Amino acid sequence: SPFSVLGEIVVNEVNFVRKCIATDTSQYDLWGKLVCTNFKISFITDDPMPLQKFHYKNLLLGEHDVPLTCIEQIVTVNDTKRKQKVLGPNQKLKFNPTELIIYCKDFRIVRFRFDEAGPESAKKVCLAIAHYSQPTDLQLLFAFEYVGEIYHNPAKKVNGIDPGGGGGGIGNASGQQTPLFETYSDWDREIKRTGASEWRVCSVNEGYMISTCLPEYFVVPSSLADQDLKLYSYSFIGRRMPLWSWNHPNGSALVRMANIKDVLQQRRIDQRICNAITRSHPLRSDVYKSDLDKCLPNIQEIQAAHIKLKQLCVNEPFDETEEKWLSSLENTRWLEYIRAFLKHSAELVYMMECKHVSVVLQEEEGRDLSCLAASLIQVMLDPYFRTIVGFQSLIQKEWVMAGYQFLDRCNHLKRSDKESPLFLMFLDCVWQLLEQYPAAFEFSEVYLTILYDSARISLFGTFLFNCPHQRVKESTEFAISKNIQLGDEKGLRFPCVWDWSLQFTSRDRLLFHNPLYVGKSAPSVHNGALRTFKRSKKNYSSTLRGVPPALKNGIIGEQEFLPRRNSLILKLKPNFFQPVEGQSHNMEQYFRDWFAKPVDLHGVILPNLSGTQIKLWKLCYFRWVPEVQINHGGSITAFHRVSLLADEVDMLNRSLRQYKSNSSLQGPCSELDQSRMYFRANGLNDTSGAPDFLSSSFPFSPVGNLCRRSILGTPLSKFLSGAKIWLSTETLANED
């Protein structure tokens, strides 16, 4: 059965439905049944997918399925009456639809025709999809249904996994679990890992007694007593006291702080907090405060840029000239904002790394821009956060536990005034760094893309709530209403997104691994001796530094050779790019010096912000647009070749280790099973070509999502009229 997720029930269905694959012909259309459940919409067909050579399987979703929380807008059309309507949650539909177009949050467009279906059944299924994809209450999201079933039937588990666990779930060699930072001990371990000896775990918020939007445990300067913290908390917005994020080996700390609303007490409390942070620094260094609300784009600007980006990727015909399309891309301001976050984070890296000062990120509530800035700073400074488990722990610490409002910002309940894609912008910023320093990250861009998708599957508690307290409060209410005995537990335990085995097989999870990653002590054999792998300066200069950014008519202008051009001080639009006050010259010198040296992959990495270096993340934004796919092309072709090379190196290393230990117990079969690569070499000197199914959207398949030109690539003069009404909220035609 395609409905194998526990608690999933079929709400409505209609037979004899056509799924449209292209707008100019019906020859590729698929026939089947359209089903709405309380978790997803499903299209069940026996027809093989046309022109599709590969399907990356999600264990929770079939290849035609869309989770309800991923639906952005539902448009019903009646051809004969020339009517179309955007369906809200409780609206009536006065005409029988001949067509249904679903716009998804991940930029997919899915289109169904009801020419042969029963008109009433078609109408009912459209209304059911509109109703179930736009719930009015948090407890109506599918995760609650699922968890209710688990607690009533403890023997039933999806794929044998309990809800809740931290789950490395990626097949880490060490089997490491992702720390969730829900306990005292997780925070204590992080203090010890970063050597923050003058900081302590504070449990003053146990039971959310002080603030409902802070975690129960967090880290504060040792010199601040609990009673002082309780007293100061009343002066902060949301009673959000300062939160420690990370410590530099030189003693500088990274701290997040909400604004102080009590104007009379502001200076006194501010001074006390800063004094305590100074006392926690071994050099008693000053504190540098960065007001993020003043120097970064706000959440409304980021949302506006995202809507423009979506319209560009979904609506614009791709047969326009490249210059016009790139100009439209620039006008979205999305890449400009990416650059702003990377630049400001890099400047604060400089303050901690070179000036040896602690940095306080100040923001009105301290739970939006500071999530993004704090995370980026740590990715740039600490190689642990560039590993899979480290990156997951960073998201737990700086987003989930710090009270990033996933429910509102991801708009799971369709109350759009608070929507803003900050989490996507963070993943995009990390992708920019991964693109510039491919050997510095353990994870691949496929991992980042799937992580973004997972935020819109309403099964995981990780990305469902505005704060940890909301999970406890809402799930306790739900448990009482369903007669679930909680015992000593604080609220229900929801499945954790880091349990990747809920979604993918261990074989498919290998695509999360970056074949270029050089681990801290990747062994290499040199003249018969085992040595730690280090790169020489020569290895780096050509591959990782990037080429001069502007090649005009094949001639490089003289100014292109100046280090400043490749540095972080490149001036763009003035409103977001003021360097940190009074630090401009020294900072510029630091960036110049840094870019002049070979990169230490296990040290600091800094973004190159010159014009050509900040790019559009094509895999994420273009993967569902069939007309922009490159068959046998895209970055996956390099990924495939590098995977084969890395696999050959691993095979050689294993052979050498076996030879040295004179052990021949393990045969070649078990050796093959040890491969950490998705693409495996058939043996040494593997010269086989790339698989036929590789394309620039791999491992996703855009076939089955609407193609607005000929599926074989001929531009259409006109494409679907419904596509132009993306994000409209009004009824588009008078129904009477």
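Which backbone nitrogen does a side-chain oxygen of Asn298 reach at the start of α7? In this model, which is a predicted one, that side-chain oxygen of Asn298 comes to within 3.1 Å of the backbone nitrogen of Gln300.

Let me stay with that helix for a moment. Helix α7 runs over residues 299–315, which makes 17 residues, and from its first C-alpha to its last it reaches 24 Å, close to the 24 Å expected at 1.5 Å a residue. As for its surroundings, the buried residues of α7 include Ile299, Ile302, Ala305, Leu309 and Leu312, and polar side chains are listed with them, among them Gln303, His306, Lys310 and Asn315.

Before I go on to the other helices, a word on the chain as a whole. The chain has 21 helices and 16 strands, and of its 736 residues, 59% count as buried. If we take the contacts between residues at least 6 apart in sequence, 73% of them join residues that are at least 24 apart.

Now to a pair of helices, α10 and α13. Two packed helices are described by the angle between their axes and by the distance between those axes. Here the axes of α10, residues 369–381, and α13, residues 422–436, come within 10 Å and cross at roughly 20°; with angles under 35 degrees counting as roughly parallel, α10 and α13 are therefore roughly parallel to each other. The crossing in which α10 passes α13 is right-handed. On the α10 side the contact is made by Leu369, Leu372, Ser375, Leu376, Val379 and Met380, while α13 contributes Leu422, Met425, Phe426, Cys429, Val430 and Leu433.

Taken by itself, α10 has 13 residues and reaches 18 Å from its first C-alpha to its last, close to the 18 Å expected at 1.5 Å a residue. Because 13 of the 13 residues of α10 are buried, this helix is largely enclosed by the rest of the structure.

My last stop is a single loop residue, Ser285, which sits between α5 (263–279) and β13 (287–291). Is Ser285 buried or exposed? Its relative accessibility is 12%, and since buried means under 20%, Ser285 counts as buried. A polar atom of the Ser285 side chain lies 3.0 Å from the backbone oxygen of His356. Leaving aside residues up to four places away in sequence, Ser285 touches Thr278, His356 and Val357, so that His356 appears both in that list of contacts and, through its backbone oxygen, opposite the polar side-chain atom of Ser285.

Conventions. Residues numbered from 1 in each chain as written. Predicted model: local features only at pLDDT ≥ 70, side-chain atom pairs only at ≥ 80, totals over all residues. Heavy atoms only, no water. Helix = DSSP H or I, 4+ residues; strand = E, 2+ residues; numbered from the N terminus. Expected span 1.5 Å × (residues − 1). Buried < 20%, exposed > 50% of the residue type's maximum accessible area, 1.4 Å probe, protein only. Polar contact = N/O pair within 3.5 Å; in protein donor to acceptor, adjacent residues only side chain to side chain. Axes fitted to C-alpha atoms, helices over the stretch in contact; angles between N-to-C directions. Parallel < 35°, antiparallel > 145°, perpendicular 65-115°, else oblique. Left-handed = near helix turned anticlockwise from the far one by under 90°. Contact = heavy atoms within 4.5 Å.
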